[in-house]
Amino acid sequence: MSTVADIVVKVRSKNAGPFWLTIDIFCGNAEAFQQVTQSLSTDRVAAALHADVAAVKRFDIDTLNVVKFSLPRPVIQGDIADRDMHGAGWAPLVAELSLN
Amino acid sequence: MTKILIPSGALGLGYDAEALARGVALKPDLIAIDGGSTDSGPSYLGRGVSKYARESTKSEWAGMMRAAHEAGCPLVIGTAGTCGTDSMVDWLLDITREVLAEDNRTAKIATLKSSQDPSVIAQTQISPLSGAPSVSAETIKSCENIVALAGAEQIAAALATGADIVIAGRTTDTAIIAAVPLRNGDHTGGAWHGAKIGECGALCATNPQSGVIMIDFDADGFTITPLADGAYATPHTVSAHMLYENSDPFILYEPGGYLDVTAATYVALDDRSVRVTGSIWHQSDSYTVKLEGARIAGFQTISIVTIRDAHYVRNVQAWCDDIIAKHAAKVQDRIGDIDFTCELRVIGQDSTLGALETRQSTLIEVGVMAIITADTQKNANTIAKLLNPYLLHHPLTKGEEQPTFAFPFSPAEIDRGAAYAFTLHHTMTLDDPMQAFRLEVHT
């Protein structure tokens, strides 16, 4: 079974300020964009991030072939329990999700 | 019409000197550079210091000062010294004077200060933004530093003094760029949108490391042009930049209103420049500025050990769990009741993601990073010292010969000093944009 990473150009996760995290899936072309939007539900992404799905904002941007998810940071940036100051490490969790 | 030259995404990141000279020859109205970011964590704001070395800052700032002098236009920096506290405005003012003295010239300098008194903010009506932690007046008062993010109005006021150089404390990334096209009557939505696209320098183009870009603002929108050899802006690279470190790629909140780029169109003018129109600015009824604060969350000592023995690598989590329990008992025995945390993060297993990690593989070796946080540095160090015998020799089973693991450093304990926490994600309403900021002119 193929994963998100198999068909897209890049998955990037970044801080959007210290309190938010944003994940951009650069699909690269309309076909990959279609596949990602159809098979990657917000529920599955929220589950992979152990996040409350109601808090996850989703943007399917067909002009860029990008799917974007934003959510309150699971741990505030730099707090004692934070493991990833720049929020870069969350991207693989989404990249490694399977495409149904 | 306004022409703004942006040397790079941040002072300290480096820029292409040849491209900057090309920009100077195009006679910009302003050179604008961002000096800050929260992206490297709360320690810089907590301590009121710069992330970048003074040497890098001085070298790059001197280059920009000379470029502005040659172009005959003002130079503006926002969020001086990473965090934009008053201490960092003074730090950059000092560097600026040093460069002027070395160049044997003078300049009119305006400083805009953004630091806020925590005890005053603790008494002020503030509103949480989405995702903000709950804070008490006591927590706010305990902040080491609080800054308010200035907008275009305060930058315009600083430029209106006739300053050659404006050194601003914390501002929004966009304010230093948007201020001049707004003052000149260019398209309002275009001024903010262009500023947002340009604030990271050439990150909105190919060859993002080259830094230098020019933005031409006009009555209908803006045109963006990267200036380094081999750097090209395309409708895709420019529009995709709205995704970057933004939770919402279409809406951007600023002091005094918000930008909506949902209807913006991006058109390639040639293979290098992109023209953008259709962005809309919505003015709000009140003028609010965002606050950032950092407080000390504790003091830390860390210790790192690596494990190569295959049996221990396979059983590293059990080894760590056992150590945590035994260490807690030992702290109780040797010190008594004391508030501390001790975490063992297994590098090679799940140190990046913790409980979110889904993968497993066979490892050759693992690192174990111990993080001890306590109320003082002395206590953190003491508690780390109590941990050391376990990291060095703890056996998985009682009967076996005493094992020894690999320490890269002596002493094994590394004091980290204070660990800071971001405290505020709030706004406060001002009657007058200058109310929370202090403008001063130095000649």
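User: In this predicted model, how many Å does α4(B) reach from its first C-alpha to its last?

Analyst: The model is predicted. Helix α4(B) has 17 residues, and at 1.5 Å a residue the expected length is 24 Å. The reach from its first C-alpha to its last is close to that expectation, at 24 Å.

User: Do the buried residues of α4(B) line one face of the helix or opposite faces, and within what arc do they fall?

Analyst: The buried residues are B:M88, B:V89, B:L92, B:I95 and B:T96. Residues three or four places apart in an α-helix point the same way, because there are 3.6 residues a turn. Seen down the axis of α4(B), the buried residues line one face, because they fall within an arc of 125°.

User: Which residues are exposed on the other side of α4(B), and what do its buried residues pack against?

Analyst: On the other side of α4(B), the exposed residues are B:D94 and B:A101. The buried residues of the helix pack against elements of chain B, namely α3, β3, β4 and β8.

User: How far apart are the end C-alpha atoms of helix α3 of chain B?

Analyst: Helix α3 of chain B covers residues 54-71, which is 18 residues. At 1.5 Å a residue it should span 26 Å. The distance between its end C-alpha atoms agrees with this, at 25 Å.

User: What arc do the buried residues of α3(B) cover around the axis?

Analyst: The buried residues of α3(B) are B:T57, B:E60, B:W61, B:M64, B:M65, B:A67, B:A68 and B:A71. They sit on the same side of α3(B), because the arc they cover around the axis is only 165°.

User: Which exposed residues does the face of α3(B) turned away from its buried side carry?

Analyst: The buried side of α3(B) is covered by elements of chain B that include α1, β2, β3, α4 and β8. The face turned away from that side carries the exposed residues B:E55 and B:E70.

User: Which strands stand at the edges of the open sheet in chain B?

Analyst: Ten strands of chain B form this sheet in the order β13-β14-β10-β9-β1-β2-β3-β8-β4-β21, with mixed pairing. Two of the strands have a single partner each, so one side of each is left without a neighbour in the sheet. These edge strands are β13 and β21 of chain B.

User: Which residue in β14(B) stands opposite B:A268?

Analyst: β13(B) and strand β14 of chain B pair in the antiparallel sense. Four bridges join the pair. Opposite B:A268 in β14(B) stands B:V274.

User: At about what angle to β8(B) does helix α7 of chain B run?

Analyst: Helix α7 covers residues 152-159 and lies across β3, β4, β8 and β21 of chain B. Its angle to β8(B) is about 145°.

User: How many of the residues of strand β2 of chain A are buried?

Analyst: Strand β2(A) is joined to β1(A) by six antiparallel bridges, and to β4(A) by seven, also antiparallel. A:F26 is the bridge partner of A:K10 and stands opposite A:V66 in β4(A). The strand is largely enclosed by the rest of the structure, because the number of its seven residues that are buried is six.

User: Which element supplies the largest share of the side of chain B that touches chain A?

Analyst: The contact takes 33 residues from chain B and 31 from chain A. On the side of chain B, α10, β16, β17 and β19 each supply at least two residues. The largest share is four residues, and it comes from β19(B).

How values were computed
Residues numbered from 1 in each chain as written. Chains lettered and ligands numbered in written order. Predicted model: local features only at pLDDT ≥ 70, side-chain atom pairs only at ≥ 80, totals over all residues. Expected span 1.5 Å × (residues − 1). Buried ≥ 20, exposed ≤ 12 C-beta atoms within 10 Å, placed from the backbone. Arc of directions from axis to C-beta. Contact = placed C-beta atoms within 7 Å. Pairing = 2+ DSSP bridges. Axes fitted to C-alpha atoms, helices over the stretch in contact; angles between N-to-C directions.
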